[in-house]
Amino acid sequence: MLTSKIVLRIPPKLKMTDDEFFEFCQINRELRIERNKSGELLIMPPTGSETGNREGNIFGPLWVWAEQNGTGLAFTSSTGFTLSTGADKSPDAAWIKLERWNALSPEQKQRFAPICPDFVVELRSASDNLKPLQEKMQEYMREPGVQLGWLIDRKNRRVYIYRPDLPEECLENPATISGDPVLPGFVLNMSKIW
C-alpha cells in the first residue's frame, strides 16, 4: 500500500486532456489523485482512519449547515474541481454558492467541475508537510470565486485562515472557528477535530 505521496512527471506530448484525466481517475478509484498546473500527477495514499474521522467531523457540520442555510452545496474530500490554471484539486471539504454551481452545465457537474469552491478546507494529517498545504491554499486563493479557506494543522493545534488578497491569519488552539461572513452562522467546534 502507498505510504507517501508520489509525483509523476509526464512528458508534454503525453499530458492528458481533462476528459482523459477524469477517465484515468475513474479507472483508478482506489487512489487519491490530483493534478497540478504543470500536468504532474500527485498520487496520495489513502487517508488514515483517524484523519478520515476528523475529515468527517468537518464535513458533517458543514453539510448540516449547508442544508439548513440553503444558499449552497457542501462537497466531500472525494470531489475533484478543475481550477482556472488547469490543476485538478480535491479539498478535504468545500462549499459552493448555488448561483455559481447552477451556472455550470449538467456535463460540467458530472465531471471535475471547472470551478474553485467559495470555501475550501484542508486538514493536515500526521504525515503531511505543512509547506505544500500552505502552497495549495495560496493556489486556491488566487482562483476566481474563492472567498475563504481554512488549513487545519492538528499536529500544532493551529488553524490558518485564508482570504483572497489578504495575509494569512493563524489561530492558536481555537475552541471554535467561524465561517462568517462567507458562511453566516457556520461555526466549527474544534474539540472534535483536535
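**Exercise 1. Which residue in β8 does W95 stand opposite?** Work out how β7 is paired on both sides.

Solution. This is a predicted model, so treat each step as a reading of that prediction.

- Step 1: start with β7 and β8. Strand β8 covers residues 119-124 and runs antiparallel to β7, with three bridges joining the two.
- Step 2: find the partner. In β8, F119 is the residue that stands opposite W95.
- Step 3: look at the other pairing. Strand β4 (residues 72-75) also runs antiparallel to β7, and four bridges join them. Here A74 stands opposite W95.
- Step 4: put it together. W95 stands opposite A74 of β4, and W95 also stands opposite F119 of β8.

**Exercise 2. How many of the five residues of β7 are buried?** Say what follows for the strand.

Solution.

- Step 1: take the cut-off. A residue counts as buried under 20% relative accessible area.
- Step 2: apply it to residues 93-97. Four of the five residues pass, so β7 is largely enclosed by the rest of the structure.
- Step 3: set that beside the whole chain, where buried residues make up 44% of the 194 residues.

**Exercise 3. Which residues have a positive phi without being glycine?** Place two of them in their loops and grade their exposure.

Solution.

- Step 1: recall the background. Most residues other than glycine have a negative phi, and most peptide bonds are trans.
- Step 2: take D165. Its phi is about 60°, though D165 is not a glycine. D165 belongs to the loop between β10 and β11.
- Step 3: describe that hairpin. Strands β10 (residues 158-162) and β11 (residues 169-172) are antiparallel and joined by four bridges, with six residues between the strands. I161 stands opposite E169 of β11.
- Step 4: grade D165. Exposed means over 50% relative accessible area, so D165 at 81% counts as exposed.
- Step 5: take N173, with a phi near 50°. N173 sits in the loop between β11 and β12 and is partly exposed, at 43% relative accessible area.

**Exercise 4. Where does P181 lie, and what kind of peptide bond joins D180 to it?**

Solution.

- Step 1: locate P181. The loop between β12 (176-178) and β13 (187-189) holds this proline.
- Step 2: check omega. For the bond between D180 and P181 the angle is about -5°, and the bond is cis.

**Exercise 5. How far apart are T17 and G86 in sequence and in space?** Add the setting of T17.

Solution.

- Step 1: count along the chain. T17 and G86 are 69 residues apart in sequence.
- Step 2: go to 3D. Their C-alpha atoms are 9.7 Å apart.
- Step 3: place T17, which is in the loop between β1 (6-8) and α1 (18-27). T17 has a relative accessible area of 43% and is partly exposed.

**Exercise 6. How many helices and strands are there?** Build a global picture.

Solution.

- Step 1: tally the elements. The protein has five helices and 13 strands.
- Step 2: test compactness. The radius of gyration is 16 Å, close to the 16 Å from the globule rule for 194 residues, so the protein is as compact as a globular protein of that length.
- Step 3: box it. Along the principal axes, the C-alpha atoms fill roughly 50 × 40 × 30 Å.
- Step 4: check contact range. Of contacts with a separation of 6 or more, 54% are between residues 24 or more positions apart.
- Step 5: look at the surface and charges. The accessible surface is about 10200 Å², with 51% belonging to carbon and sulfur atoms. There are 24 positive and 26 negative side chains, and the centres of the two sets lie 4 Å apart.

Note on methods. Residues are numbered from 1 along each chain as its sequence is written. This is a predicted model: local features need pLDDT of at least 70, side-chain atom pairs count only at pLDDT 80 or more; totals for chains, interfaces and linings use all residues. Side-chain values use heavy atoms; hydrogens and water are left out. The radius of gyration is taken over C-alpha atoms; the globule rule is 2.2 Å times the number of residues to the power 0.38. Buried means under 20% relative accessible area, exposed over 50%, partly exposed in between (1.4 Å probe, protein chains only). Contact means heavy atoms within 4.5 Å. Accessible areas come from the Shrake-Rupley method with a 1.4 Å probe; for residues, only the protein chains shown count as cover. Lys and Arg count as positive and Asp and Glu as negative; His and the chain ends are not counted. The place of a charge is taken as NZ of Lys, CZ of Arg, CG of Asp or CD of Glu. Two strands pair if DSSP finds at least two bridges between them.
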